[in-house]
Amino acid sequence: MMRRIPLVPAALTLAAIFVLSTGPARADDGLLHISSIDVEGGQATLIVTPSGQSMLVDTGWPDANGRDAERIATAAQDAGIRHIDFLLITHYHMDHVGGVTELAKRLPIGTFIDHGPDAETDAQAKKLYAAYESLASTGKRLTVKPGDVIPLHGVKVEILTSNGEHIQSLLPGAGRTNPACADVKPLGADPSENARSLGFLLTYGKFRFLDLGDLTWDKELELMCPANRIGRVDVYLVSHHGMDISNSPALVRAVQPRVAIMNNGERKGGSPKAWDVIEKSPALEDFWQLHFSRAGGTEHNVADKFIANPEGPDSGYSIDVAARSDGSFSVTNTRTGVTRRYAAR
Ligand SMILES: [Zn+2]
């Protein structure tokens with residue numbers, strides 16, 4: 001692929017420069033890669049470490065002829081990955097664990113990571129969990145709790161929330177009281193699997209990426225109030241596809257992401273109220289969306305160049321992050337091929 005020397009329009013700052021993409025991510029290139037794969041309002045996040053290890057967070061939906069598993073397998077191939085070393089399931093809802101059976105037909109999976117048994121017991125939940133459990137029993141299964149660290153090399157993946165519990169200690173850089181808690185009231189306990197989401201902080205040198213799955217509002221408050229246990233992050237994977245029963249100001253304002261990536265679908269997530277909280281977050285430089293959000297309308301969607309899949313039929317474009325240990329990183333919209341770079345702080 002032809003590389004081009006980036007041109008720097010005068011109107012752009014040095015901290016964020018648009019350049020043309022230089023081709024797909026490759027494993028073992030010394031960068032940390034995080035690809036938000038489009039699974040139409042579910043989650044599938046492929047992480048490839050600088051040494052080429054892989055961790056997939058969730059598997060998207062079932063059905064549609066294995067659409068989501070196929071998209072994940074394609075993303076893995078593009079990244080030079082032949083097997084998934086770790087599959088982390090945030091929780092057992094269909095848009096997260098639903099694609100696991102189809103995925104296992106396409107890629108070998110090493111270790112399965114989860115929060116323990118499914119808390120939901122209706123017929124659909126039982127079926128989804130049984131399918132997962134039978135696959136996990138063929139490999140290695142790791143049930144984790146807050147404070148546990150996933151054994152990846154060169155990066156640190158620390159579990160912050162699991163099965164309704166959260167870390168008690170403060171992470172480095174955290175610990176200050178969280179003023180954003182003052183105006184935020186609980187919404188009421190959430191008995192669903194969402195509240196049991198496995199959430200983690202991925203650290204590569206100075207770079208920090210936060211993914212809390214579909215963790216809901218009251219659990220965010222338990223984690224983030226009265227002290228901010230996490231500190232600031234560089235990239236925030238917007239919780240719960242951008243629904244407003246997650247993404248409380250107590251969380252978003254405290255972690256102060258430079259970049260937010262929302263894995264919404266056209267008709268799922270992207271709630272105006274949550275969108276506002278993220279958009280107004282104090283240190284936010286850019287907000288990226290996997291989809292145009294119908295709920296957001298003209299007022300609550302980012303500019304087209306920050307949307308991987310605009311309104312209408314889509315081809316499952318992803319939003320890809322590549323990070324260095326000095327804290328600098330880039331974000332690529334794979335539809336437009338445009339990359340935006342963020343200098344180290
Ligand atoms: Zn979900």
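This is a tour of one predicted model, stop by stop, with what to select at each.

Residues are numbered from 1 along each chain as its sequence is written, and side-chain values use heavy atoms, with hydrogens and water left out. Because the model is predicted, local features need pLDDT of at least 70 and side-chain atom pairs count only at pLDDT 80 or more, while totals for chains, interfaces and linings use all residues.

**Stop 1: the zinc ion**

Select the zinc ion together with Asp-95, His-96, Asp-214 and His-241. These residues are its protein donors, through OD of Asp-95, NE2 of His-96, OD of Asp-214 and NE2 of His-241, and they lie 2.1 Å from the ion. Donors are N, O and S atoms within 2.8 Å of the metal (3.2 Å for Na, K and Ca); water is not among the atoms, so sites may look incomplete.

The angles subtended by the 4 donor atoms run from 83 to 157 degrees, so the arrangement is irregular. Four donors count as tetrahedral if all angles lie between 85 and 135 degrees; four count as square planar and six as octahedral if opposite donors are over 155 degrees apart and all others between 65 and 115; anything else is irregular.

Along the chain the donors follow the spacing D-H-x117-D-x26-H. His-96 belongs to helix H2 (residues 94-97) and Asp-214 to the loop between strand S12 (207-211) and helix H5 (217-224), so this pair ties together parts 118 residues apart in sequence. Helices (H or I, at least four residues) and strands (E, at least two) are DSSP runs, numbered from the N terminus.

His-96 has a relative accessible area of 0% and is buried; Asp-214, at 2%, is buried as well. Buried means under 20% relative accessible area, exposed over 50%, and partly exposed in between (1.4 Å probe, protein chains only).

**Stop 2: His-240**

Now select His-240, in the loop between S13 and H6. His-240 is buried at 4% relative accessibility. Setting aside residues up to four places away in sequence, His-240 touches Asn-194, Gly-213, Asp-214, Thr-216, Ile-245 and Ser-246. Contact means heavy atoms within 4.5 Å.

**Stop 3: strands S12, S13 and S14**

Select S13 (residues 235-238). Val-235 and Leu-237 on one side and Tyr-236 and Val-238 on the other are all buried, so both faces of the strand are covered.

Add S12, which pairs with S13 in the parallel sense over 3 bridges. Two strands pair if DSSP finds at least two bridges between them. Asp-211 stands opposite Leu-237 in S13. From S12 the chain crosses through H5 to S13 in a right-handed β-α-β crossover. Right-handed means that, with the strands pointing away from the viewer, the path from the first strand over the helix to the second runs clockwise.

Then add S14 (residues 259-262), which runs parallel to S13 and is joined to it by 4 bridges. Here Val-238 stands opposite Met-262. S13, helix H6 (residues 249-255) and S14 make a right-handed β-α-β unit.

**Stop 4: helix H5 and the cis bond**

Select H5, where 6 of the 8 residues are buried. They are Trp-217, Asp-218, Glu-220, Leu-221, Leu-223 and Met-224. Their cover includes strand S9 (156-162), strand S10 (165-166) and H6.

Move on to Cys-225 and Pro-226, which are joined by a cis peptide bond with omega about 0 degrees. Pro-226 sits in the loop between H5 and S13.

**Stop 5: the nonpolar cores**

Select Met-55, Phe-200, Leu-210 and Ile-230, which have the most contacts inside the largest nonpolar core, of 61 residues. Apart from this core lies another, of 27 residues, among them Ala-76, Val-100, Leu-107 and Phe-112. A nonpolar core is a set of buried Ala, Val, Leu, Ile, Met, Phe, Trp, Tyr and Cys residues joined through side-chain atoms within 4.5 Å.

**Stop 6: two positive phi values**

Asn-65 is not a glycine, but its phi is positive, near 55 degrees. Look for Asn-65 in the loop between strand S4 (54-57) and helix H1 (67-78); at 79% relative accessibility, Asn-65 is exposed.

Gln-256 also has a positive phi, of about 45 degrees. Gln-256 is in the loop between H6 and S14 and is partly exposed, at 22%.

**Last stop: Ala-322**

Select Ala-322 in strand S17 (residues 319-323). Ala-322 is buried at 15% relative accessibility. Its C-alpha atom is 9.5 Å from that of Val-48, although the two residues are 274 apart along the chain.
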